[in-house]
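I opened this entry to record what I looked up in the model, item by item. The notes follow the order in which I consulted the structure.

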Amino acid sequence: GDVYKRQVLGNLISGQIVNYLNERNTIKVGFSLFSVGIITFAILCGLDRVNLYNFYGCFFFVYLGVPIAYSNSGVLALSRHDDRANGSAVMNFVNMGLAVIGVFIVSLLPYSPMIVLPLILLSVVVIYFAIFFYSRRFAD
């Protein structure tokens, strides 16, 4: 239940931040919160200092930042297409498909999840930033 509260809080904050910042800057805020949580989690895993409180503390920022970035990314992506329903369906399919593939890959790896998870999440942060900066070339 606590995860859903954070996601709802992230969506509500996203709705308010967009009144003060444009979509791109709001996405930066969401990515920054997401990155802070993941980098902190990776550092704590590397130091072998992860406990329940640290884990939820780090992922508070993740579950706050993801809805802020995702909702505004969806708005930007779908604003350029006429068939928004189809675009939304494809985005959700890709989102869920990548999650399933990620869980499958993690289950196949022979290493400890406390080593693999931070590395994968750090890779996701790098990929998100690469995509974000690459997409700036196509901005209006």
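**Entry 1: a loop residue**

I began with Asp48, which lies in the loop between H2 and H3. I looked up its backbone and found phi of Asp48 near 55 degrees, a positive value in a residue other than glycine. I noted for comparison that most residues other than glycine have a negative phi. I then asked whether Asp48 is buried or exposed. Its relative accessibility is 68%, so I entered Asp48 as exposed, the cut-off being over 50%.

**Entry 2: confidence**

I recorded that this is a predicted model, and I therefore looked up its confidence, since pLDDT is the predictor's own estimate for each residue. The mean pLDDT of the protein is 85, and 97% of its residues reach 70 or more. Which elements have the lowest and the highest mean pLDDT? Helix H1 (residues 2–17) has the lowest, at 76, and helix H2 (residues 23–46) has the highest, at 91. I kept a general caution in the margin: where pLDDT is low, the predicted coordinates should not be read in detail.

**Entry 3: H1 against H3**

I next examined how H1 packs on helix H3 (residues 52–78). The angle is about 45 degrees, and the axes are 8 Å apart. H1 is therefore oblique to H3, because angles under 35 degrees would be needed for roughly parallel and 65 to 115 for roughly perpendicular. I entered the crossing of H1 and H3 as right-handed. From H1, the residues that meet H3 are Val3, Arg6, Gln7, Leu9, Gly10, Asn11, Ile13, Ser14 and Ile17. Their counterparts in H3 are Tyr56, Phe59, Phe60, Tyr63, Leu64, Pro67, Ile68, Ser71 and Asn72. Sorted by class, this contact of H1 with H3 has 11 nonpolar, 6 polar and 1 charged residues.

**Entry 4: H3 against H4**

I turned to H3 and helix H4 (residues 84–108), whose axes come within 10 Å and cross at roughly 140 degrees. H3 and H4 are therefore oblique to each other, because roughly antiparallel would require an angle over 145. I entered this crossing of H3 and H4 as right-handed. H3 contributes Tyr70, Gly74, Ala77 and Leu78 to the contact, and H4 contributes Arg84, Gly87, Ser88, Met91, Asn92 and Asn95. By class, I recorded 4 nonpolar, 5 polar and 1 charged residues for the contact of H3 with H4.

**Entry 5: three residues of H2**

I looked up Phe31, which is placed in helix H2. Phe31 has a relative accessible area of 11% and is therefore buried. Leaving aside neighbours within four places in sequence, Phe31 is in contact with Ala69, Tyr128, Phe129 and Phe132. I also noted that Phe31 and Tyr70 are 39 residues apart along the chain, with 9.2 Å between their C-alpha atoms.

Phe34 is found in helix H2 as well. At 7% relative accessibility, I entered Phe34 as buried. How far apart in space are Phe34 and Val62, C-alpha to C-alpha? The value is 4.3 Å, across 28 residues in sequence. Not counting residues up to four places away in sequence, Phe34 touches Phe61, Val62, Gly65, Val66, Val124, Val125 and Tyr128.

I closed with Ser35, also in helix H2. Its relative accessibility is 8%, so Ser35 counts as buried. Beyond neighbours within four places in sequence, Ser35 is in contact with Val125 and Phe129.

Definitions and conventions:
Residues numbered from 1 in each chain as written. Predicted model: local features only at pLDDT ≥ 70, side-chain atom pairs only at ≥ 80, totals over all residues. Heavy atoms only, no water. pLDDT = per-residue confidence, 0-100. Helix = DSSP H or I, 4+ residues; strand = E, 2+ residues; numbered from the N terminus. Axes fitted to C-alpha atoms, helices over the stretch in contact; angles between N-to-C directions. Left-handed = near helix turned anticlockwise from the far one by under 90°. Contact = heavy atoms within 4.5 Å. Nonpolar A, V, L, I, M, F, W, Y, C, P; charged D, E, K, R; others polar. Buried < 20%, exposed > 50% of the residue type's maximum accessible area, 1.4 Å probe, protein only.
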